[in-house]
Amino acid sequence: MKFFIDTANLAEIKEAAAYGFLDGVTTNPSLMAKEGVSEQDEHIKAICALTPGPVSAEVLATEKEAMIREGRHLASLAHNVAVKLPLTMDGLAATGALAADGIKVNLTLVFSPLQALLAAKAGAAFVSPFVGRLDDVGQDGMALVEEIVTIYGNYGMETEIIVASIRSPQHVLRSALLGADIATIPFKVIQQLAGHPLTDKGVAAFLADHAKVAKK
Ligand code: E4P
C-alpha cells in the first residue's frame, strides 16, 4: 500500500518524506489557496523536487479542450506530475487524450462506484473516491471504496484507487484492510498513525527501569 500526503505545504511534504514512507503527493486548488499560491507552476515544480513519486496537480479548466491544454502544460512542469481532473463528462473525455500522450490522470471528486468504473474505462491511472465528504453527509465513504475494489477486481482493471478526503487513522486502516492501492493522508493524520499511549508508557517505563540500575 502506498502513502501519499494530501497537502501543498512544502514543510509538511519535507517532514513526511523524512519519515521514509512517502510515495507521492496530492494537491487541489483549495490546498494551493491555503498556502497562498495563485499561480501553481513554480509551486508544483518545488513539490515535484521533494518526492520521486506522483504529484497530482489539478486543472482549473472545466471544458474538455481547455482541460487537455492545461493538463499538457501541468505535465510539462516535471516528469512526475499526474494531472488531476474532475470526474465530469468533460473530464472523462479529456482523460483519453492525456492518457494517449502517456500522461497519468487522476480522476477526482468521485462519489459513486459507477463514476469509478467510468474512470477506469476512460484510461485514468488513478481514481480518487472522497470518503470523508461522503461521511460528512451521512453516507459510508469506505463502503464506496469497497465497491470500487470489488468492481476493479472483477475485471482486472489497473486504475489505482487513491482513498482521498481522509479524516482519521480509521480511514487508513479500513483502506488497508480493503486492499486499496493508495491512501492520500493529511499531515495531521500521518502523525496520528504512529501514536499509541501504551508505546509512550512503555518507553517511559523502560527508561525509568534503566535509570534505577544505571551507573551514576
Ligand atoms: C485529494 O486528492 C483530495 O483533493 C482531498 O483529499 C480532499 O480532501 P477534503 O475533503 O478534506 O477537502
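## Exercises on the ligand site and pockets

Helix H2 (29-34) and helix H10 (187-194) each contribute at least two residues to the lining of the largest pocket; helices here are DSSP runs (H or I, at least four residues), numbered from the N terminus. The structure is a predicted model, in which local features need pLDDT of at least 70, side-chain atom pairs count only at pLDDT 80 or more, and totals for chains, interfaces and linings use all residues. Residues are numbered from 1 along each chain as its sequence is written, and side-chain values use heavy atoms, with hydrogens and water left out.

**Exercise 1. Describe the largest pocket and its lining.**

Step 1. A pocket is an open set of points on a 1 Å grid over the protein atoms alone, where a 1.4 Å probe fits, with protein on both sides within 12 Å along at least five of seven lines; lining residues have an atom within 4 Å of a point.

Step 2. The volume, the space filled by probe spheres set on the points, is about 370 Å³ for the largest pocket. Of its 23 lining residues, Asp-6, Asn-28, Leu-31, Arg-167 and Pro-186 are the closest to the centre.

Step 3. H2 gives the largest share of this lining, three residues. Sorted by class, the lining holds six nonpolar, nine polar and eight charged residues.

**Exercise 2. Locate the ligand and identify its polar contacts.**

Step 1. The ligand occupies the space of the largest pocket, the criterion being that more than half of its atoms lie within 2 Å of the grid points.

Step 2. Around the ligand stand Asp-6, Thr-26, Asn-28, Lys-84, Phe-130, Arg-133, Ala-164, Ser-165 and Arg-167, each with a heavy atom within 4 Å of it. This shell comprises two nonpolar, three polar and four charged residues.

Step 3. For polar contacts (pairs of N or O atoms within 3.5 Å), a side-chain N or O atom of Asn-28 is 2.7 Å from a ligand oxygen. A polar side-chain atom of Lys-84 lies 2.7 Å from an oxygen atom of the ligand, and one of Arg-133 also lies 2.7 Å from a ligand oxygen.

Step 4. Alone, the ligand exposes 350 Å², of which the protein buries 84%; the areas come from the Shrake-Rupley method with a 1.4 Å probe.

**Exercise 3. Characterise the second largest pocket.**

Step 1. The second largest pocket contains about 160 Å³ of space.

Step 2. Its lining includes Pro-29, Met-32, Ala-33, Glu-58 and Glu-70. H2 supplies the largest share of this lining, three residues.

Step 3. The lining divides into five nonpolar, two polar and four charged residues.

Terms used. Polar contact = N/O pair within 3.5 Å; in protein donor to acceptor, adjacent residues only side chain to side chain. Nonpolar A, V, L, I, M, F, W, Y, C, P; charged D, E, K, R; others polar.
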